[in-house]
Every structure is written in structure tokens, then in C-alpha cells.
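Q: Could you take a close look at the salt bridges in this model, and set them in the context of the fold and the charged surface around them?

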Amino acid sequence: MHIKELVLDNFKSFGRKTRIPFYEDFTTISGPNGSGKSNIIDAILFALGLARTSGIRAEKLTDLIYNPGHADEDAEYDGERQASVEVILANDDRTLSRSQVVNAAGTEDVGDVDEIAIKRRVKETEDNYYSYYYINGRSVNLSDIQDLLAQAGVTPEGYNVVMQGDVTEIINMTAGSRREIIDEIAGVAQFDAKKADAFDE
Ligand code: ATP
Ligand code: MG
């Protein structure tokens with residue numbers, strides 16, 4: 001399974017609907033400082049529910065909505081107050097089975113699961129804001145998305161996304177802590193946790 005395409009709509013610096021294709025092996029994104037490279041990573045974290053707002057460099061969720069006067073605190077913007085990000089996953093290798101997708105979406109009506117589209121939308125009203133998640137167009141909760149992704153080895157703790165600061169942190173760690181990360185990635189950590197639970201009993 002891999003990300004096939006990202007669709008950003010009114011998200012951070014992406015004021016226009018933007019489709020970003022990803023290749024199966026690897027994709028590099030280059031551009032000048034401040035052009036929005038890290039915003040693309042933020043978009044993935046936002047849509048897959050993998051980070052808190054601080055992890056996606058925003059104080060509040062509504063800061064993620066495109067605002068041309070972004071740098072100016074007092075600037076009023078009367079444009080559309082909603083943003084969305086869709087992550088289209090290629091699942092033709094059936095990393096996730098049809099029944100796992102059906103289970104997460106809570107309905108048989110999930111269409112073709114060769115592609116799984118995970119979408120998050122944030123909407124601001126005059127006195128509140130709302131966040132919505134979807135799997136293949138079906139409205140779901142964050143936990144449904146997290147449970148589904150965990151079955152494909154994608155978790156908030158999983159180092160599926162390695163942030164700039166993480167690299168330095170990993171270098172400065174003790175050998176033991178570094179080993180824990182490798183265990184986590186290799187999927188050994190869950191067995192250690194079960195073993196520890198068994199000893200406790
Ligand atoms: P660097 O090479 O310095 O790491 P980058 O390409 O990663 O740069 P980003 O951090 O992705 O750049 O983008 C920063 C830009 O996004 C800034 O210009 C900032 O003003 C803009 N930005 C962030 N949030 C919003 C928003 N809600 N509306 C409009 N622009 C925004
Ligand atoms: Mg950056």
C-alpha cells in the first residue's frame with residue numbers, strides 16, 4: 001500500500017484545489033523556502049489523524065484553512081472558511097482487505113477498495129468549528145480511520161512520518177531507546193507489550 005495521490009483544497013498555503021501525485025517507490029518534493037513543502041506533510045498528518053495540532057504546526061484547527069492574510073494577525077478574510085485534504089491510498093496489493101474497509105466504514109457500500117480515499121474536512125462557522133472524516137466518501141469517526149490504518153501498520157507512534165526534529169532526536173538517543181523505535185517499526189513492540197502484560201498477571 002502506498003499514497004497514490006493527495007488532494008488539497010483550501011488547506012494552508014494551497015488556496016486552490018491541488019492534486020499531488022505520489023510514485024510507488026519514492027517521491028521528492030523540492031521548492032524554495034516557504035513554498036509549502038512541509039505543508040504537504042502537514043496535510044497527510046491532518047487527514048490521517050496522525051498528529052495533534054502542534055504536530056501540524058498550527059495553534060488551532062482553523063489555522064489550517066487557507067488565509068491569504070496569514071502572516072498579518074489582524075487581517076480579516078471573508079473567503080470560504082473550510083479546508084479539506086484527501087489521501088488516496090493504492091491498495092491493489094490488498095494490504096487492507098475489503099472486509100476491513102467495510103468494517104471501518106460501517107457499510108458494505110464502500111465501492112472499489114483497490115483505492116481507499118481517506119478525507120478530512122474542517123469547517124468554521126461564526127462561533128464554532130467542525131471536523132469531519134470520511135472513508136471512501138462514507139462519514140466516519142477518527143477512531144475508525146486510526147483503527148483501519150493501524151491494521152496496515154500506520155500509527156501515530158509508528159514513525160511512518162519522520163519529522164525534521166525526529167532525526168536529531170534519534171541520533172541523540174541512547175542505544176536502548178533507539179532499539180525501542182526499531183522494535184516498534186518492525187512490529188516486535190506489540191509482542192513485548194503482551195509479554196509484559198503476561199508477566200504482570
Ligand atoms: P522550508 O524550505 O523553509 O522548510 P517549506 O516549503 O516547507 O519551507 P512551509 O512551511 O510548508 O514551507 O510553508 C510555509 C508557508 O505556508 C508560509 O509562507 C506560511 O505563511 C504559509 N501558510 C501557513 N498556513 C497558512 C494558511 N492558513 N494560509 C495561507 N498560507 C499559510
Ligand atoms: Mg519545511
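A: What follows goes through the overall layout, then the ion pairs one by one, and then some neighbouring features.

The model is a predicted one, and its chain holds six helices and six strands, which run from the N terminus in the order β-β-α-β-α-β-β-β-α-α-α-α. The chain is divided into domain 1, residues 2-154, and domain 2, residues 162-201, and the centres of domain 1 and domain 2, taken over C-alpha atoms, are separated by 27 Å. Along the principal axes, the C-alpha trace spans about 60 × 45 × 35 Å, and of the 201 residues in the chain, 32% are buried.

As for the ion pairs, side chains of opposite charge can pair when their charged atoms come close. The count for this model comes to nine salt bridges. One of them joins the side chains of glutamate 115 and lysine 4, with an N to O distance of 2.6 Å; this pair links distant parts of the chain, since glutamate 115 lies in strand E4 (residues 115-124) and lysine 4 in strand E1, 111 residues apart. Glutamate 115 is partly exposed, with a relative accessible area of 35%, and lysine 4, at 35% relative accessibility, likewise counts as partly exposed.

Strand E1 also contributes glutamate 5, which is paired with arginine 19 of strand E2, 14 residues apart in the chain. The side chains of arginine 19 and glutamate 5 meet at 3.3 Å, N to O.

A further salt bridge is formed by the side chains of aspartate 42 and arginine 57, at 2.8 Å, N to O; aspartate 42 sits in helix H1 and arginine 57 in the loop between H1 and E3, 15 residues apart. Are the two partners of this pair buried or partly exposed? Aspartate 42 counts as buried because its relative accessible area is 1%, whereas arginine 57 counts as partly exposed because its relative accessibility is 48%. This pair belongs to a network of salt bridges that links Lys12, Asp42 and Arg57.

Other acidic residues form a negative surface patch, made of Glu24, Asp25, Asp92 and Asp93. Among them, glutamate 24 is placed in the loop between strand E2 (18-21) and helix H1 (37-48), and glutamate 24 counts as exposed because its relative accessibility is 65%.

The backbone adds two further points of detail, for which the background is that most residues other than glycine have a negative phi. Arginine 94, in the loop between strand E3 (82-90) and helix H2 (98-105), has a positive phi of about 55° although it is not a glycine, and at 38% relative accessibility arginine 94 counts as partly exposed. Asparagine 10, found in the loop between strand E1 (2-9) and E2, has a phi near 65°, again a positive value in a residue other than glycine, but asparagine 10 is buried, with a relative accessible area of 6%.

Away from the charged residues, a nonpolar surface patch of about 280 Å² is made by Val162, Val167 and Ile171. Valine 162 lies in the loop between H3 and helix H4 (164-172) and is partly exposed, with a relative accessible area of 47%.

Notes:
Residues numbered from 1 in each chain as written. Chains lettered and ligands numbered in written order. Predicted model: local features only at pLDDT ≥ 70, side-chain atom pairs only at ≥ 80, totals over all residues. Heavy atoms only, no water. Patch = residues over 30% accessible without salt bridge, like charges linked within 9 Å, V, L, I, M, F, W, Y side chains within 5 Å. Areas by Shrake-Rupley, 256 points an atom, 1.4 Å probe, with all protein chains shown as cover. Salt bridge = Lys/Arg side-chain N within 4 Å of Asp/Glu carboxyl O. Lys, Arg positive; Asp, Glu negative; His and termini not counted. Charge placed at Lys NZ, Arg CZ, Asp CG, Glu CD. Helix = DSSP H or I, 4+ residues; strand = E, 2+ residues; numbered from the N terminus. Buried < 20%, exposed > 50% of the residue type's maximum accessible area, 1.4 Å probe, protein only. Domains from an automatic or database assignment.
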